Amino acid sequence: VADPVAASYDVATQEMIKRAQDLGVETCFDRAVTLKPCNIGNQGTCCKNCGMGPCRLPLPKGGVEDGDDRKGICGATANTIAARNFIRMVAAGASAHSDHGRCVAEVFMSAARKETDAYQIKDIQKLLQIAPRLDVAITVERDGEVLDRDIDEIALEVAEVALNEWGKAEGELKYLKRAPAPRYELWKKFGVLPRNIDREVVEIMHRTHIGVDQDYKNLMKQGTRCALADGWGGSMLATDLQDVLFGTPYPLQSEANLGIMKKDHVNIIIHGHEPVLSEMIVAVAQSQEMIDYAKQAGAKGIQMGGICCTANEILQRHGVPLAGTFLQQELAIITGACDAMVVDIQCIFQNLANVAKCFHTKLITTHPIAKMEQDNVLHIEFDEHHAVEDAKRIVKLAIDNFKNRGEDVVIPQHKNPVIAGFGVESIEYHLGGSFRGSYYTLNDNIINGRIRGIGAVVGCNNVRTRHNEAHLTVVKELIKNDVIVLTTGCNAIACGMEGLLTPETAQVFCGPGLAEVCETVGIPPVLHVGSCVDNSRILLAATEVVKAGGLGKDISDVPAAGSAPEWMSEKAISIGQYVVASGVYTVFGTTFPTSGAPVFQKYLFEDFEKMYGGMWDFEPDPIKHAHKMIAHIDKKRKALGIDK
Ligand code: WCC
Ligand code: FE2
């Protein structure tokens, strides 16, 4: 079994791992001890794209300095194999984000057609802001007069145009033009403007099939095009349409870590990614009818909590607390206090079912594309046309299950306050100039050096490294060196658990310049900007920085760097690739999936900078990791002549 202290940096997590072991319930932390990864696959040089293999190409003992003659049965080199595997990861990641986006777009369509009462166009301001980006007019001319166009009409057309982005036959993605003009021109020059979202994924699957594309540079070209279709396509549409349907987030207060669960309340944990369902569950759970029902069942109320990006979605819009990160999903059940865990898509452990079997917890899958084989799992399929009924059924099930709780309930008493809900709009509000608008204050403070630069630290946990340690070490090292941090995904949750998402943090952890800015403006040094699809908010924030002036003409000029210290999912690879192709130096921790193909890796780590101004890097040591980012930020400051 795992050593709980070695497995996690977080005390609540340690306590629950220990409890699981005492109860004889196995978790991912224990499995990580017994199940070792395959080195060759890990390094990206195992090809299983046909039935003659898998062809495994381990790195020779002495390296490949003197030439690399490794090849698979068909002759595929280590570079070809690693590039194929890498862009297949991009395809999977982009698919996950974009299929989520498609689901949201379909619900948006239902709302625009008024087929459902449950969903409405909530944020008209945001609708009017994105419509022109999709070439949808917001005014009409009648008899020489310019009039505001009917909102319902705009919504319907936005829905049609947006849905079309997934499969249109001609043209290119409309949102690409939201990037700074030089960036768009660069993409055009390299032939990587995505045509539509689905097509770029399909083309990766084709080009990586046996006997098709055998040039790692050409493979990466498609990988880039597909990743851009994610960041500036599927993910960005998901974020925007979610904001219109559910409201654009604004800063609000909440809490984070397993200690948010309450012994005397019905605890409902929502886990996954699509806010379409969780929005309804939150609304229903807050209704008087359900609260009364919970009281009749002997509980004091209903406590909701989130895991992974569903957590971030319902936090940023409703202040629902974060129960934990990716690696804490099993542990929420191990408290013995989880009356229902409701899951939709992505980052959900199949082992949840085995853990739930040991407790009273009802595990409910809700998405037609994500079911589990174990027989203790309930499937309640969610449909936007009867969303409220579905949500009620789920909440009632949880309440009815409250009485089945065992005596043995242990909720770790650890949680911290968080401020979340930042985005392009609220950063402008806090860090814009009072009369110049835009990102003037932010830029001004970067130019005068109080803020050294911007760090985007995002991504998963990985059981191969100590849970949350690299996340928190990287973030703390950055803010100590006056780098303001934007965070999403499980890094955001980790920061929340550690108490880094409060303005008070500035005095404790920040360098003097950043501390002063945070104090003056009243913001935390680490800004929670949402879920993984909301990395699109970071792309747009970077674009706003460029627009505000004084920091160059393209995203690659800005003193900024990206990081995923504990990544594990294919989604992270897609995100990394679109961030790099958008001009940002990006460092990953844990392992890097091309390390078995040094020539290809050098292409990503070095040659990419000459092409895109952004490149990949790998550094598992979190302090060195942060300092590589800072060195890049300083390099950019120097190029701008603001290094003083
Ligand atoms: Ni996004 Fe990574 Fe968390 Fe899942 S929820 S674990 S992809 S960061
Ligand atoms: Fe996520």
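**View 1. The shell of residues around ligand 1 in this predicted model.** Welcome to the first close-up, where ligand 1 is surrounded by His273, Cys308, Cys309, Phe326, Cys347, Gly459, Cys460, Cys490, Cys532, Met568, Ser569 and Lys571. A residue is near a molecule if one of its heavy atoms lies within 4 Å of it. By class, the shell has eight nonpolar residues, three polar and one charged. Here Ala, Val, Leu, Ile, Met, Phe, Trp, Tyr, Cys and Pro count as nonpolar, Asp, Glu, Lys and Arg as charged, and the others, Gly among them, as polar.

A note for all views: this is a predicted model in which local features need pLDDT of at least 70 and side-chain atom pairs count only at pLDDT 80 or more, while totals for chains, interfaces and linings use all residues. Residues are numbered from 1 along each chain as its sequence is written, chains are lettered from A and ligands numbered from 1 in the order in which they are written, and side-chain values use heavy atoms, with hydrogens and water left out.

**View 2. The nickel atom of ligand 1 and its protein donor.** Cys532 (SG), at 2.2 Å, is the only protein donor of the nickel atom of ligand 1. Donors are N, O and S atoms within 2.8 Å of the metal (3.2 Å for Na, K and Ca); water is not among the atoms, so sites may look incomplete. The four donor atoms around this nickel atom subtend angles of 96 to 129°, which makes the arrangement tetrahedral. Four donors count as tetrahedral if all angles lie between 85 and 135 degrees; four count as square planar and six as octahedral if opposite donors are over 155 degrees apart and all others between 65 and 115; anything else is irregular. To find Cys532 along the chain, look in the loop between strand E15 (526-528) and H23. Helices (H or I, at least four residues) and strands (E, at least two) are DSSP runs, numbered from the N terminus.

**View 3. The iron ion (ligand 2) beside the nickel atom.** Three residues coordinate the iron ion (ligand 2), at 2.0 to 2.5 Å: His273 (NE2), Cys309 (SG) and Cys532 (SG). Cys532 is a bridge between this iron ion and the nickel atom of ligand 1, and the two metals lie 2.4 Å apart. The four donor atoms around the iron ion subtend angles of 85 to 156°, which makes the arrangement irregular. His273 lies in the loop between strand E6 (266-271) and helix H11 (275-285), and Cys309 in helix H13 (residues 308-318), so the pair ties together parts that are 36 residues apart in sequence. Both His273 and Cys309 are buried; buried means under 20% relative accessible area, exposed over 50%, partly exposed in between (1.4 Å probe, protein chains only).

**View 4. The largest cavity.** The structure holds three cavities of 30 Å³ or more, and the largest contains about 350 Å³ of space. On a 1 Å grid over the protein atoms alone, a cavity is a set of points where a 1.4 Å probe fits but cannot get out, and a pocket is an open set with protein on both sides within 12 Å along at least five of seven lines; lining residues have an atom within 4 Å of a point. Grid points are joined across faces, edges and corners, and a volume is the space filled by probe spheres set on the points. Of the 31 residues lining the largest cavity, Ala456, Ile538, Ala561, Val579 and Val584 lie nearest its centre. The lining has 24 nonpolar residues, seven polar and no charged. Among the elements that each supply at least two lining residues are helix H23 (535-548) and helix H24 (570-581).

**View 5. The largest pocket.** About 900 Å³ of space lies in this pocket. Its lining has 31 residues, and Pro37, Asn42, Asn462, Arg464 and Met568 lie nearest the centre. H5 gives the largest share of the lining, four residues. The classes here are 16 nonpolar, ten polar and five charged residues.

**View 6. Backbone details at Pro54, Cys347 and Thr590.** Gly53 and Pro54 are joined by a cis peptide bond, with omega about 0°. Cys347 has a positive phi, near 65°, in a residue other than glycine, and with 21% relative accessibility it counts as partly exposed. Thr590 also has a positive phi, near 55°, but at 12% relative accessibility Thr590 counts as buried.
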